[in-house]
Amino acid sequence: MLTVFFDYQGIVHHEFQQQSSTITADSYLGVLRRLREAIRQKRPKLWRRKSWILHHDNAPAHTDLKISKFLQDHSTSVFPQPPYSPNLAPCDFFIFGKLNKKVKGSEISEHRRDQSGIEEGHEGDPENSLPEIFEEYYGGANDNFKGFFDTSKIPNYVQPNFYNVQFFTGHGDFNTYLFRIGKIGSPACSCGNEQQTPEHLLIDCPLTSDLREENQLYLTNTKQAACNKDQYIKFNRFCRMHILRRKR
């Protein structure tokens, strides 16, 4: 079993688990400790600025209380993973997919040889270039996400959280999304608009005009939401206020 962490520049850390083993909270805690050391050595600027963000899915080992406490104690920011969002898992759909192509059809009898073949899959192969993978990841993202960003290089001041990631992806407490996954019977907004989308709520929904006014958030398209740091702060506040109000 391979565990891998990577960013736009390349592989930051990877580990092979023993055959037939499973990832538990205790074993993942050890992985995170070794990951922190790898970041300190390989990404010193990010380490000093504490500007790196961890993205993992909602597997039980990742959401265990001891893992959450460890990340909180070390001030580690975590990119929230919305449910039903496989397009936000680039490891599953790009890294591992390309590695499978590399070793497909090979008869490998020893675990050590298997590891060697996988490691070679990242060396000198332009098909596995991490920047290209991120470009492919962005290209495969949903249209809602692309509506906020012109390229795959998201500005450094954008810090994903539970609230804004729902607006970025469209996977959240929106009638269009809830209707699509069968949770409600209509995608319509309470204001009468046929679709309650993040874009509608941000730009022209009369039911959120008070939040837009309070945050001085006046948009004509979603790309303006994160076009500069000041605008992003307003957008971020809007997302939090709207979702909290929906939960009342």
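## Exercises on a predicted model

Phe5 stands opposite His13 in β2. That pair is a handy way into this predicted model, and the exercises below start from there.

**Exercise 1. Work out how β1 and strand β2 are arranged, and whether the residues of β1 are buried or exposed.**

Step 1: Find the two strands. β1 covers residues 2–7, and β2 covers residues 10–16.

Step 2: Look at the pairing. The two run in the antiparallel sense, with six bridges between them. The link from β1 to β2 is a hairpin of two residues.

Step 3: Check the cover. Six of the six residues in β1 are buried.

Step 4: Split them by face. In a regular strand, side chains alternate between the two faces of the sheet. Here Leu2, Val4 and Phe6 sit on one side, while Thr3, Phe5 and Asp7 sit on the other, and both sets are buried. Our starting residue, Phe5, belongs to the second set.

**Exercise 2. Test the length of helix α1 against the expected span, then find what its buried residues pack against.**

Step 1: Helix α1 takes in residues 25–42, which makes 18 residues.

Step 2: The expected span uses 1.5 Å times one less than the number of residues, so α1 should span 26 Å.

Step 3: Compare that with the model. The end C-alpha atoms of α1 lie 25 Å apart, which agrees.

Step 4: Pick out the buried residues. They include Tyr28, Leu29, Val31, Leu32, Leu35 and Ile39. Arg36 is on the list as well.

Step 5: See what they touch. The buried residues of α1 pack against both β1 and β2 from the exercise above, and also against α2, β3, α3 and α4.

**Exercise 3. Find which residues of the largest nonpolar core touch the most other members, and which helix supplies the largest share.**

Step 1: This core has 21 residues, and those touching the most other members are Phe148, Phe149, Phe167, Phe168, Leu202 and Phe235.

Step 2: Trace the core back to helices. α9, α11 and α13 each give at least two residues. The largest share, five residues, comes from α13.

Step 3: Zoom in on Phe167. Beyond four places in sequence, its contacts include Phe148, Leu202, Phe235, Phe238 and Ile243.

Step 4: Look for a second core. Another one, of 15 residues, lies apart from the largest, and Leu29, Val31, Ile39 and Leu54 are among its members.

**Exercise 4. Decide whether Thr176 is buried or exposed, and what it is in contact with.**

Step 1: Thr176 is in helix α10, which runs over residues 175–180.

Step 2: Buried means under 20% relative accessible area. Thr176 has 17%, so Thr176 counts as buried.

Step 3: Beyond four places in sequence, Thr176 is in contact with Pro187, Gln195, Gln196 and Thr197.

**Exercise 5. Where is the model's pLDDT lowest and highest among the elements, and which stretches stay under 50?**

Step 1: Start with the whole chain. Its mean pLDDT is 80, and 74% of residues reach 70 or more.

Step 2: Compare elements. Helix α6 (residues 111–120) has the lowest mean, 48, and helix α12 (residues 209–215) has the highest, 97.

Step 3: Find the weak stretches. Residues 108–114 stay under 50 and have five contacts beyond four places in sequence. Residues 117–128 are also below 50, with 22 contacts beyond near neighbours in sequence.

Step 4: Draw the lesson. Where pLDDT is low, the predicted coordinates should not be read in detail.

Technical notes:
Residues are numbered from 1 along each chain as its sequence is written. Side-chain values use heavy atoms; hydrogens and water are left out. Helices (H or I, at least four residues) and strands (E, at least two) are DSSP runs, numbered from the N terminus. Buried means under 20% relative accessible area, exposed over 50%, partly exposed in between (1.4 Å probe, protein chains only). Contact means heavy atoms within 4.5 Å. Two strands pair if DSSP finds at least two bridges between them. A nonpolar core is a set of buried Ala, Val, Leu, Ile, Met, Phe, Trp, Tyr and Cys residues joined through side-chain atoms within 4.5 Å. pLDDT is the predictor's confidence in each residue, from 0 to 100.
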